[in-house]
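Reader: I have a protein model to study for my course. Could we go through it together, one topic at a time?
Author: Certainly; please show it, and then ask whatever you wish.

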Amino acid sequence: MNFDDFDAAMRTYEQSLDQKILPKMYIVARLDGRGFTKMTNEHFEKPFDERFKNMMVEVTRELMKNSGFRVIYGYTQSDEISLLFAPDENSFGRKVRKINTTLAGIASAKASLMLGEVVSLDCRIAPLPNKKLVEDYFSWRQQDCFRNALNGWCYWTLRKEGASRRQATSILAGKGDDFKNELLFERGVNFNDTPAWQRRGVGLYYKEIEREGYNPKTGETVVSKRNELFLDEDIPCRQKYRDFVTTILETTEQDKVGSKDQPEEKEME
Ligand SMILES: Nc1nc2c(ncn2[C@@H]2O[C@H](COP(=O)(O)OP(=O)(O)O)[C@@H](O)[C@H]2O)c(=O)[nH]1
Ligand SMILES: [Mg+2]
């Protein structure tokens, strides 16, 4: 068999598990730290550490700016990151394998460099058929954030009071939000006053920002508009969060329509 035939025959096996995300499906990728319970216990304050959150923000930023995929919204809470792709993102023919491995590789490398030890994040994709499900997805992750934050605050408050792992877990088992809020309140913590990033997570998206610059040729100060990645540590919740996510998606879709009509505006981006 000549090499070309051999090559084609072998590639058939390699490509036998390849899947592509169907056209028109919205793509959301979620990365999650592997074994981060152990790693965070060793290096970070419990239940929350601003340094850990800042690290996850920097990993999100790296994925949004340097992965080669057009990501229009990044959301991070706890040890996870969700990325919403631009609807017309067709890189690598929307191959699941390429998206997962590229994103997991970049996130793992960035987090390892920041921590100074090898850590990894996995990646999975949710292809979502409509905007309502994109809203549902992000609302779901935000509700997960809220529940984990409330539970984490209770658990570590009890542990710091002297409760064992087992005792703290059994006190909280099967209890609702009211019980947990009350438990904290009795100990002088108003859960609603804890930082918003802990209860809601944080978002990153592009925003038009005006920058003042100096033109050395004319000696004038000029104002230019630039699309910059903006970190929002006070994102809304519930229905307002759903509307916020849809606005980001619809703005991207409208921009695309606008840029076809006015090609000169596209150059400004
Ligand atoms: N100490 C600390 N731990 C955190 C922080 N944010 C998230 N974590 C932990 O990260 C872990 C994430 O959960 P999960 O992905 O299910 O655990 P994994 O399978 O060990 O990665 C939980 O144990 C959280 O308590 C933080 O700010 N500080
Ligand atoms: Mg994890």
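Reader: Which residues is Thr194 in contact with, leaving aside its neighbours within four places in sequence?
Author: Thr194 is in contact with Trp153, Val189 and Arg199. Contact means heavy atoms within 4.5 Å.

Reader: Is Thr194 buried or exposed?
Author: Thr194 is buried, as its relative accessible area is 6%. Buried stands for under 20% relative accessible area, exposed for over 50%, and partly exposed for what lies in between, with a 1.4 Å probe and protein chains only.

Reader: Where is the place of Thr194?
Author: Thr194 sits in the loop between helix H7 (177-186) and helix H8 (196-200). Helices (H or I, at least four residues) and strands (E, at least two) are DSSP runs, numbered from the N terminus. The C-alpha atoms of Thr194 and Glu220 are separated by 45 Å, with the two residues 26 apart along the chain.

Reader: Before I go on, what kind of model is this?
Author: This is a predicted model, in which local features need pLDDT of at least 70, side-chain atom pairs count only at pLDDT 80 or more, and totals for chains, interfaces and linings use all residues. Residues are numbered from 1 along each chain as its sequence is written, chains are lettered from A and ligands numbered from 1 in the order in which they are written, and side-chain values use heavy atoms, with hydrogens and water left out.

Reader: Thanks. How many helices and strands are there in the protein?
Author: The protein has 10 helices and 6 strands. Its C-alpha atoms fill a box of roughly 70 × 65 × 40 Å, taken along the principal axes. Of the 269 residues, 38% are buried. Among contacts between residues at least 6 apart in sequence, 68% join residues at least 24 apart.

Reader: Now the core. Which residues have the most contacts inside the largest nonpolar core?
Author: They are Leu31, Phe36, Leu63, Leu83, Phe85, Ile99 and Leu103, in a core of 33 residues. A nonpolar core is a set of buried Ala, Val, Leu, Ile, Met, Phe, Trp, Tyr and Cys residues joined through side-chain atoms within 4.5 Å.

Reader: Which helices and strands supply at least two residues of this core?
Author: Strand S1 (26-33), helix H2 (36-43), helix H3 (50-66), strand S3 (80-85), helix H4 (96-115), strand S4 (121-128) and strand S5 (202-215) each do so. H3 gives the most, with 7 residues. There is also a second, separate core of 19 residues, which includes Leu84, Leu128, Tyr137 and Ile248.

Reader: And why do nonpolar side chains tend to be buried together?
Author: I can offer the tendency itself rather than a cause: in soluble globular proteins, nonpolar side chains tend to be buried together.

Reader: Back to Leu83, then. What is Leu83 in contact with?
Author: Beyond its neighbours within four places in sequence, Leu83 is in contact with several residues, among them Ile27, Leu31, Leu63, Val71, Tyr73 and Leu103.

Reader: New topic: what are the protein donors of the magnesium ion?
Author: For the magnesium ion (ligand 2), the protein donors are Asp32 (OD), Gly33 (O) and Asp79 (OD), lying 2.0 to 2.2 Å from the ion. Donors are N, O and S atoms within 2.8 Å of the metal (3.2 Å for Na, K and Ca); water is not among the atoms, so sites may look incomplete. Along the chain, these donors follow the spacing D-G-x45-D. Gly33 is buried, at a relative accessible area of 7%.

Reader: What about Arg94, buried or exposed?
Author: Arg94 is buried, with a relative accessible area of 6%. Arg94 lies in the loop between S3 and H4. Outside its neighbours within four places in sequence, its contacts include Gln19, Pro23, Met25, Ile27 and Ile99. The C-alpha atoms of Arg94 and Ile27 are separated by 9.2 Å, although the residues are 67 apart along the chain.

Reader: Last one, on the backbone: which peptide bond is cis?
Author: The bond from Lys46 to Pro47 is cis, with omega near -5°, and Pro47 is found in the loop between H2 and H3. Ser78 has a positive phi of about 50° although it is not a glycine. Ser78 lies in the loop between strand S2 (71-77) and S3, and is partly exposed at 46% relative accessible area.
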